[in-house]
Amino acid sequence: MAKRQILFISFFLAFCSLCYELLFSQIISIFIGSTILSYSLGIGVFILALGAGSVICDYFSDKSKNPNRLFYIELTLSLLGILGGYAEIILAQLTIFFPFPLRLSILFTPIIAIGLLSGIELPLLMGLKEKTHEKFYVLGADCIGMFAAALLFPLFFFWLGLFPTGIIVALINLTIAHKILPKKTYIKKTIIFCIGAAALLLWVFDSQLFLLRQNLFLEGIL
Amino acid sequence: MICVRVIILSFCSMSYQLLTARALAELTNLHILSYSLSFGFFLLGMGLGGIYYGKSLNNESPLRNFFYAENILAILGGLATFFIFCLFIFMNIYMFSDRHLYLTKPTLPYMFLLPAQLLIFSIGFFSGFELPVWLKINKEKTNTTIFRGTGALLGASYIGGFLGSIFTTIFIVPLFGLVTGCILMGFINVLILIESLISYRNFNIKKGLLLFIPIIILYIGGTWDKKLTQLHLKTWYLKTEMTSLKKTKKLFTLLKDYGEVLRIRTSYQNIDIIPSDFLKGQRLPHLTLYGKGMAFYLNRQPQFFSKFWRTYHESMTVGGVHLSGKEPEQVLILGGGDGLLVSQIIRFFKKIKTITLVEIDPIMIETANNYIPLRHLNQSALKNKKVNIIIDDAFTYVAKDKKTYDAIFIDFPFPISFDLSRLYSIEFYIRVKALLAQNGFIVLDAPMWKYIDNEALNIKPMPQDILYSTLNHAGYKNIIAFGQGEPFLFLQTKGKKNNFTDQKIKYPVSKETIENLKIIDNIVKDVEIKDEYINSVFKPVRFKY
């Protein structure tokens, strides 16, 4: 993979990861009533999960499988972006009578999942570069990607709506999954296309889904 | 042992970042922006710091680099919130003197937020040195060509960050506050530095003397915490404005004529009480402190003034009952932890059976019960046997409660942050509607613009546009705006548009309340009801004040 392409991918992977983290912290704040608490704890949980992810990655020795692994990670992350918001509402409804610390722990599950997967991403990507000094550039692109997410989320995505944000970030993730895949992997590319098309449809019909979300939010799945 | 050091150092770095973000959030009320930006700049700084170390300083002695980096970090991080408060006080006095402008012009808070990010970036930059330094020390110690134990050190760093986020939020802020909390972290940073130097026998007189610099600076900073908080609060509430730096000394002298603002920091908010004997000597020129008497603020937003509280609460209770035409028996109050609303309900409505009050902040209830001037105003109403106090988030409580109420009074601070904006959302109003008995009513302290001129008409959406659009879609068909000086909304799912002129007000309210109880069609006559103005928790609409 070309150096420029890896830097590009690294930037957007980090961008998506932090966008998801902020998105879920925001959704959690709806249910716990404190943005300060959800953002502070969200950052800590995300960092811990990132670390756990990178430790897990040490167990992957065969680097030739890295593109395939990255593909599955991107796919899972994009599904979390598209459906995670709905899952979080259901979790919040199911745990409404739970003690606060337990409820909080359950609500943070999606952030843990995102942190773990994102923690695996970067070492996998860095594994594609043999030269040490180029790894620093990958790390740099990663930092700038996270920085861009931290800027864009409060200034743009927040006002766009939480569900459209999840879909946009998921679409970026799917594009990266497509870029990572080697040629002639038609089945996987078809999967990407199908999920992408479904996400686009959800975005187009977002205002129609407003009522569904209200019902889900107000009545729960029961 | 290296892992323990890395955990503590990472803990300190995360604490600096979170305490700084919290200070910015409290000062600007832009919580999401403050936290996101701070985290972004911190990560950027960390990443670039790590890269810079790896590329430029990698061949130098790691302990030497560590010594200088930690010294700078202890000063920058330890005094981060101190610097931020100083910057805010400076900008508050010399640049944001027109408070109305500060709140309505969305670009102004960025003038404060952006310079503060430089500080956070610097903290991140020097924190970025820590892990590579310890990786190198570990490598030299184990005398291997590969970085053995890299995973463990990386893990330690992440665990430290995680613990930092938990402890800072739950313990450090409530126990020590923002300024002292940061300074404490600075001291811990210096302690780890001293311990490391001693452990690696790298301690000498020169380094020992240099270490006095951060220790002395942090100590001086610590002694200034209380003074700084008072300076910040006084300059904010007294709306001091200066045009020249030369007059600063005079300002500080004049401020001594004022007593102290009582600040109670809770997990949810800052309660500021300006006591009635606040002014002790000469009054500051151009001062407008809403007249004499006690003033009560939540997150620096006015809650009530002892001079006007009666008009406000009498209007809310009597106005609602008058428009509905029926005295309630079961009452739900959302917010209103100061007990003043309860005191008026007990005073006027004799048929009351129960009053359920939902308040998120237990310290607010404690203050209402124990702070004597406030207890004097609310007549210890919260201890009345008819009052059932529930400590819960109103947003969650209305989803759990299965009872119905004849009257619901909603008394929240204005939606200046997302946490408060949730309580003005369609999801919240739909849930509240489900708690309303047949022919029941709601009175809402309406965060609306009271004066609408041509300039205001050009700003869309106005708060009343958002409120009416949201309430309309939530199913409230009878919405009446009343209260000339203190605006409220009377809400019913059905019913006719009553007026105050239909019959005489039978309750013994003050003359000011009678004057206030008027329908205010003038400020809602041009209200636009649109789908895009519906305030949802999933797609918030910005309230502009």
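**Exercise 1. Determine whether Asn270(B) is buried or exposed in this predicted model, and describe its surroundings.**

*Solution.*

Step 1. The relative accessibility of Asn270(B) is 4%. The cut-off for a buried residue is under 20%, so Asn270(B) counts as buried.

Step 2. Asn270(B) is placed in strand E2 of chain B, which covers residues 270–274.

Step 3. Neighbours within four places in sequence are set aside. The residues in contact with Asn270(B) are then Glu26(B), Arg263(B), Ile264(B), Arg265(B), Tyr297(B), Leu298(B) and Asn299(B).

Step 4. One of these contacts, that with Glu26(B), includes a polar contact of 2.9 Å between the two side chains.

**Exercise 2. State which residues form salt bridges with Glu26(B), and where these partners lie.**

*Solution.*

Step 1. The side chain of Glu26(B) meets that of Arg22(B) in a salt bridge, with an N to O distance of 3.4 Å. Both residues belong to helix H1 of chain B, residues 2–28, and stand 4 residues apart, about one turn of the helix.

Step 2. Glu26(B) also forms a salt bridge with Arg265(B), where the closest N and O atoms are 2.7 Å apart. This pair links distant parts of the chain: Glu26(B) is in helix H1, whereas Arg265(B) is in strand E1, residues 262–265, with their positions 239 residues apart in the numbering.

Step 3. The burial of the residues can now be added. Arg22(B) and Glu26(B) are both buried. The relative accessible area of Glu26(B) is 14%, and therefore this residue falls under the 20% limit. Arg265(B), at 23%, counts as partly exposed, because its value lies between the limits of 20% and 50%.

Step 4. Taken together, Glu26(B) has a salt bridge to Arg22(B), a salt bridge to Arg265(B) and a polar contact with Asn270(B).

**Exercise 3. Describe the salt bridge between Glu314(B) and Arg347(B), and classify each partner as buried, partly exposed or exposed.**

*Solution.*

Step 1. The two side chains meet with an N to O distance of 3.0 Å.

Step 2. Glu314(B) lies in helix H11 of chain B, residues 309–324, and Arg347(B) in helix H12, residues 340–348. The partners are 33 residues apart, and the pair links distant parts of the chain.

Step 3. Glu314(B) has a relative accessible area of 1% and is buried. Arg347(B), at 31%, is partly exposed.

Step 4. Other salt bridges share partners: Lys460(B), Asp465(B), Glu528(B) and Lys530(B) are joined in this way into one network. Over all chains, the count of salt bridges comes to 14.

**Exercise 4. Locate Asn299(B) and Gln379(B), and give the phi value of each.**

*Solution.*

Step 1. Asn299(B) has a phi near 50°, a positive value in a residue other than glycine. Its place is the loop between strand E3 (295–298) and strand E4 (301–305) of chain B.

Step 2. Gln379(B), likewise not a glycine, has a positive phi of about 55°. It is found in the loop between helix H14 (372–378) and strand E7 (387–391) of chain B.

Step 3. The relative accessibility of Gln379(B) is 62%; since exposed means over 50%, Gln379(B) counts as exposed.

**Exercise 5. Summarise chain B as a whole: its secondary structure, burial, contacts and surface.**

*Solution.*

Step 1. Chain B contains 20 helices and 11 strands.

Step 2. Its residues number 545, and 59% of them count as buried.

Step 3. Consider contacts in chain B between residues at least 6 apart in sequence: 75% of them join residues at least 24 apart.

Step 4. The accessible surface of chain B is about 22800 Å², with 59% of this area belonging to carbon and sulfur atoms.

**Exercise 6. Characterise the interface between chain A and chain B.**

*Solution.*

Step 1. Contact involves 54 residues of chain A and 49 residues of chain B.

Step 2. About 4700 Å² is buried between the two chains, and carbon and sulfur atoms give 78% of that area.

Step 3. Across this interface the rule finds 0 salt bridges, while 4 residue pairs are in polar contact.

Step 4. On the side of chain A that touches chain B, helices H1, H2, H3, H6, H7 and H9 of chain A each give two or more residues. H6(A) gives the most, with 16 residues.

Step 5. By class, this side of chain A has 38 nonpolar, 13 polar and 3 charged residues.

Terms used. Residues are numbered from 1 along each chain as its sequence is written. Chains are lettered from A and ligands numbered from 1 in the order in which they are written. This is a predicted model: local features need pLDDT of at least 70, side-chain atom pairs count only at pLDDT 80 or more; totals for chains, interfaces and linings use all residues. Side-chain values use heavy atoms; hydrogens and water are left out. Contact means heavy atoms within 4.5 Å. Buried area is the accessible area (1.4 Å probe) that two parts lose on being put together, summed over both. A salt bridge is a side-chain nitrogen of Lys or Arg within 4 Å of a carboxyl oxygen of Asp or Glu. A polar contact is a pair of N or O atoms within 3.5 Å; within protein, one must be able to donate a hydrogen and the other to accept it, and residues adjacent in sequence count only if both atoms are side-chain atoms. Ala, Val, Leu, Ile, Met, Phe, Trp, Tyr, Cys and Pro count as nonpolar, Asp, Glu, Lys and Arg as charged, and the others, Gly among them, as polar. Buried means under 20% relative accessible area, exposed over 50%, partly exposed in between (1.4 Å probe, protein chains only). Accessible areas come from the Shrake-Rupley method with a 1.4 Å probe; for residues, only the protein chains shown count as cover.
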